[in-house]
Amino acid sequence: MKNLLLFTTSMLLIVQPANAQDKHIPVKEPETLDLNHIGLAVSKLDATVSFFIDTLGWKAAGEQPDYPARFVTNGKMFVTLWQVTSPDTAVPFNRKNNVGLHHLAITVRDLPTLHKLHRKLVVRDDVSVEFAPEFLGDGPATHMMVRDPSGLRIEFIVPTSRVVKEK
């Protein structure tokens, strides 16, 4: 029994310093960090800016009239909206046939906010709702998909971590 106690104590002395050292090994930061901003080519610059500002509650963050481009933000995300040169002849994106942005997914605070946003979007003539709020897979994450005034697909999603379960 004395030998077992001595062996166990010796193992603790050997293992503990190794574990303690592991906690102090610096973790190398990845070379790339966060999404800084996203730039979207749009066919209807003013209407798309209105979609972000008037419907989603974002703020204007500048513009470059010569390009033309306008910038919008919600305080966390930053989106650059670039007007295409010839909106009437611009080829609309087809998510099944073109390489490019399939959709932009934006987290929504909670389910009541998602449903409120849906009500705001269905009354806009320049926005089409691809599908109303529904479970993502088996839920409880809930999402909806729309096309903004320029035809961009935007998903609004309440992830599982933000779904409040009723008691």
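I took two strands as paired if DSSP finds at least two bridges between them. The model is predicted.

**Entry 1: the sheet**

I began with the strand order. The sheet is open and has 4 strands, in the order β1-β4-β3-β2. Its pairing is mixed. I then looked up the edges. They are β1 (38–42) and β2 (59–64), and each of these pairs on one side only. I also checked the twist. On average, neighbouring strands of this sheet are turned by 25° against each other, direction ignored.

**Entry 2: β2 and β3**

Next I followed β2 to its partner. β2 pairs with β3 (residues 69–73) over 5 bridges, in the antiparallel sense. A hairpin of 4 residues joins β2 to β3. I noted two residue pairs here. Lys-59 has Thr-73 of β3 as its bridge partner. Gly-62 stands opposite Phe-71 in β3.

Is β2 buried or in the open? I counted its buried residues and found 0 of 6, so β2 lies largely in the open.

**Entry 3: helix α2**

I turned to the helix on the sheet. α2 (residues 45–55) packs there and touches β1, β2, β3 and β4 (78–83). The direction of α2 makes about 10° with that of β3.

Which residues of α2 are buried? I listed Leu-45, Thr-48, Val-49, Phe-51, Phe-52 and Thr-55. These buried residues pack against β1, β3 and β4, and also against α3 (111–122), β7 (142–147) and β8 (153–158). Just after α2 I found Gly-57 with a positive phi of about 80°.

**Entry 4: the nonpolar core**

I looked up the largest nonpolar core. It holds 26 residues. Those touching the most other members are Leu-40, Phe-51, Phe-52, Val-79, Leu-81, Leu-121 and Phe-156. Two or more residues come from each of β1, α2, β4, β5 (104–107), α3, β7 and β8. Which element gives the most to this core? I found that α2 does, with 4 residues.

I then listed the contacts of Phe-52, leaving aside neighbours within four places in sequence. Phe-52 touches Gly-57, Trp-58, Val-72, Val-79, Leu-81 and Ile-154. Gly-57 is the residue noted above for its positive phi.

**Entry 5: aromatic pairs**

I searched the whole structure and found 5 aromatic pairs. One is Phe-51 with Phe-52: the ring centres are 5.5 Å apart and the planes stand at 90°, so I logged the pair as edge-to-face. Both Phe-51 and Phe-52 are buried.

Phe-71 and Trp-82 make another edge-to-face pair, with 6.3 Å centre to centre and 80° between the planes. This pair links distant parts of the chain, 11 residues apart. Phe-71 is in β3 and Trp-82 is in β4.

I checked burial for both rings. The relative accessible area of Phe-71 is 15%, so I entered Phe-71 as buried, the cut-off being under 20%. Trp-82 has 24% relative accessibility and counts as partly exposed. I also found one aromatic cluster that takes in both residues: Tyr-67, Phe-71, Phe-78 and Trp-82 form it.

**Entry 6: β5 and β8**

I went on to β5. β5 and β8 run parallel and are joined by 4 bridges. Leu-104 stands opposite Ile-154 in β8. Ile-154 is also among the contacts of Phe-52.

Where do the side chains of β5 point? They alternate along the strand. Leu-104 and Ile-106 point to one face and are buried. Ala-105 and Thr-107 point to the other face and are not buried. I set this beside the general pattern: in a regular strand the side chains alternate between the two faces of the sheet.

**Entry 7: His-143**

Last, I looked up a histidine in β7, His-143. Why did I log His-143 as buried? Its relative accessibility is 8%, so it falls under the 20% cut-off. The side chain of His-143 makes a polar contact of 2.6 Å with the side chain of Glu-155.

I also listed its other surroundings, again without neighbours within four places in sequence. His-143 is in contact with Leu-114, Phe-131, Ala-132, Pro-133, Glu-134, Phe-135 and Leu-136, and also with Glu-155, Phe-156 and Ile-157. Among these, Phe-156 is one of the core residues that touch the most other members.

Terms used:
Residues are numbered from 1 along each chain as its sequence is written. This is a predicted model: local features need pLDDT of at least 70, side-chain atom pairs count only at pLDDT 80 or more; totals for chains, interfaces and linings use all residues. Side-chain values use heavy atoms; hydrogens and water are left out. Axes are lines fitted to C-alpha atoms, for helices over the stretch in contact, and angles run from 0 to 180 degrees between N-to-C directions. Contact means heavy atoms within 4.5 Å. Buried means under 20% relative accessible area, exposed over 50%, partly exposed in between (1.4 Å probe, protein chains only). A nonpolar core is a set of buried Ala, Val, Leu, Ile, Met, Phe, Trp, Tyr and Cys residues joined through side-chain atoms within 4.5 Å. A polar contact is a pair of N or O atoms within 3.5 Å; within protein, one must be able to donate a hydrogen and the other to accept it, and residues adjacent in sequence count only if both atoms are side-chain atoms. Rings of Phe, Tyr and Trp (its six-membered ring) pair if their centres lie within 6.5 Å; planes under 30 degrees apart count as stacked, over 60 as edge-to-face and the rest as tilted.
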